[in-house]
Amino acid sequence: MLKGGLVLAHADDEASERDLVIRGDTIIAMGKDLAPGNYGVTEVHSADGFLVAPGYVNTHYHSHDRWDRGRFSPLPLEIWMSIYNPPTVGRNWTPDEIYLRTLIGGMELVRGGATAVMDDVHLGLQLDSPTIEAVFRAYEDLGLRADVGIAYSDRPGHETIPYLDDALPAHLKSRGQSAVVPQCDMLEIWKVLADKYDGRVRSVVSVSGPQRCSVKFQQDAWDLADSLSRPVLTHVLESRVQAMSGPYFYGKSIVSMMAEIGVLRSNSVLIHGVWMCAEDLDVIAASGSKISHNPVSNLKLGSGIAPVIEMLSRGISVGLGTDNHNGNDGCSMFESVKLGVMLQTTQTDDYERWLDASAGLRSATRHGASLMARGDNLGALQPGFKADFLMFDLEADAFTPLNDVKVHLVFADAARALRHSYVDGLAILRNGEFVTVDEGEVRREIKGRLAVIQKKVLDGIPKGKELEPYLVEAYRKCLESSFAKPYAGRCNCWRPAGFQALWS
């Protein structure tokens, strides 16, 4: 039992002093002045002086580029992707290196307020069992709740960006651009992993993006996910180039194309959605699909500002994420929640429609749980829900003096007040220190390997640089194209009429 804490049960709650009773991994009771004996409680911990709140769900994160942090200032998405870790580069990471990067990234997620994460892992040319298992093992050891999607695409990269096929020399088109394994093998990998990982750490399906995958493969992937009752992660309309890819390749919005082929479903997690128009959002709302908003990386990569107010007004669940380690370059949910709320003030002059602290917390908790298809037992502190929660020191600067608890959480740098983190009723972080892994030993091991790790990163740079001029050429042609005219500007500052009439 946690006794006497200031409990914020959910984003729409008013914090008050309450007790929590936890049995195993589940909250079984909550109320004021509960008697331990009535619940068979033998262990009572004082929460006096602490705020107890639901843990955050990070709905989009890439653990695979942890060793690439701090390499670049802002660049456009399509150019950045080639330089930092292009799909043609195989770095031959060992399982130990993959385990360590996943583990240290996960530790940072915990300190950034996450008790659950959806990790979209791109393993490049390495889809062998030891490589894949290293990712899952790290989350199991750390104690973090994780949905892990091993990402896949079956179309050559040069066919997925307008004008790149014409710009890229033949010898670069043929170099490592095909899928690592056949489609049927990838579907089997996902199925085997889903059967094996079905608890706190789960395997989910990750289709890199609709323009990056064949129609038949997308349909097969969603059918598999339906049969497994798992989400499907996919990047949709992140940048202006992706936005114009719809009319360029398909003669319609990418969202319309997805609806047409039947892959907008209730288990679809549409990552980013920066350039969605009114028609897109109406279709998404009707389908029950969800959206993961990643405000920090969207700014660093020049992708724009997503129309979150319009998404939420249609009843779409919008979670929050942190994205890449070097497209952000942090992984703090505190940062994503704050920026995600504040950026929406640019979307309308009607301040009564701006998001408030409750909206930010709702996206980070209840909506995040919905994206994981766990809305029935995650995202709130109430009987029957998993005991995933955070404890903040109310004497810390962020809460002194204490006014509106939710405003403090969202805007007042609450990360520095985080003391304890629990998942499934078990402490991961206690008094700011990890109790599930030996942090000092992890950091010592990483330090001993850094020379080798950084050499692997540096050795891949020439291949990225070889692609860069052709990507720059294609990018500039995209922006000069008539297809891009509807998307002029640095953000999707809401266009109620939509885009289609402008390019059709």
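For this tour, Ala, Val, Leu, Ile, Met, Phe, Trp, Tyr, Cys and Pro count as nonpolar, Asp, Glu, Lys and Arg as charged, and the others, Gly among them, as polar. Keep that sorting in mind, and remember that the model on your screen is predicted.

**Stop 1: the largest pocket**

Select Met1, Ile22, Glu43, His45 and Gly425. Of the 19 residues lining the largest pocket, these five are the closest to its centre. The space in this pocket comes to about 400 Å³. Now colour the lining by the sorting above: you should find 12 nonpolar, 4 polar and 3 charged residues.

Which elements give two or more residues to this lining? Select β2 (16-23) and β16 (426-430) to see them. With 4 residues, β2 gives the most.

**Stop 2: the second largest pocket**

Next, select Arg66, Trp67, Leu450, Ile453 and Gln454. They lie nearest the centre of the second largest pocket, whose lining has 13 residues. About 240 Å³ of space is found here.

Show helix α16, residues 439-459, as a ribbon. This helix gives the most to the lining, with 8 residues. Sorted as before, the lining of this second pocket has 7 nonpolar residues, 1 polar and 5 charged.

**Stop 3: strand β11 and its neighbours**

Move to strand β11, residues 268-272. Is this strand mostly covered or uncovered? It is mostly covered, with 5 of its 5 residues buried.

Now add strand β10, residues 232-236. β10 and β11 run parallel and are paired over 5 bridges. To see one of these bridges, pick Leu233 and its partner in β11, Val269.

Then add strand β12, residues 290-293. β12 also runs parallel to β11, and 3 bridges join the two. Here you can pick Leu270 and its bridge partner in β12, Ile291. To follow the chain from β11 to β12, trace it through helix α10, residues 278-287; this β-α-β crossover is right-handed.

Before leaving β11, click on His272, which lies in this strand. Its phi is positive, about 90°, although His272 is not a glycine. Most residues other than glycine have a negative phi. His272 counts as buried because its relative accessible area is 0%, and the cut-off for buried is under 20%.

**Stop 4: rings in pairs**

Show the side chains of the aromatic residues. How many aromatic pairs does the structure hold? There are 13.

Select Tyr152 and Phe217 for one of them. Their rings form a tilted pair, 4.9 Å from centre to centre with 50° between the planes. The pair links distant parts of the chain: Tyr152 belongs to strand β8 (residues 145-152) and Phe217 to helix α7 (residues 215-228), 65 residues apart. Tyr152 is buried, at 4% relative accessibility, and Phe217 is buried as well, at 2%.

For a group of rings, select Tyr163, Tyr248, Phe249, Tyr250 and Phe483. Ring pairs link these residues into a cluster.

**Stop 5: two places that meet**

Select Ala357 in helix α14, residues 357-371, together with Val407. They are 50 residues apart along the chain, yet 5.4 Å separates their C-alpha atoms. Ala357 counts as buried, because its relative accessibility is 8%.

**Stop 6: backbone surprises**

Most peptide bonds are trans, so the next two selections are worth a look.

- Select Asn328 and Asp329: the peptide bond from one to the other is cis, with omega near 5°. Asp329 sits in the loop between β13 (318-320) and α13 (333-342).
- Select Thr400 and Pro401: they too are joined by a cis peptide bond, with omega about -5°. Pro401 is in the loop between β14 (389-393) and α15 (405-411).

Finish at Asp33, in the loop between β3 (26-31) and β4 (45-46). Asp33 is not a glycine, and still has a positive phi of about 55°. Is Asp33 buried or exposed? It is exposed, because its relative accessible area is 59% and the cut-off for exposed is over 50%.

Terms used. Residues numbered from 1 in each chain as written. Predicted model: local features only at pLDDT ≥ 70, side-chain atom pairs only at ≥ 80, totals over all residues. Heavy atoms only, no water. 1 Å grid on protein atoms, 1.4 Å probe; cavity = no way out; pocket = protein on both sides within 12 Å on 5 of 7 lines; lining within 4 Å. Points joined across faces, edges and corners; volume = space filled by probe spheres on them. Buried < 20%, exposed > 50% of the residue type's maximum accessible area, 1.4 Å probe, protein only. Pairing = 2+ DSSP bridges. Right-handed = clockwise from strand over helix to strand, strands pointing away. Phe/Tyr/Trp six-rings, centres within 6.5 Å; stacked < 30°, edge-to-face > 60°.
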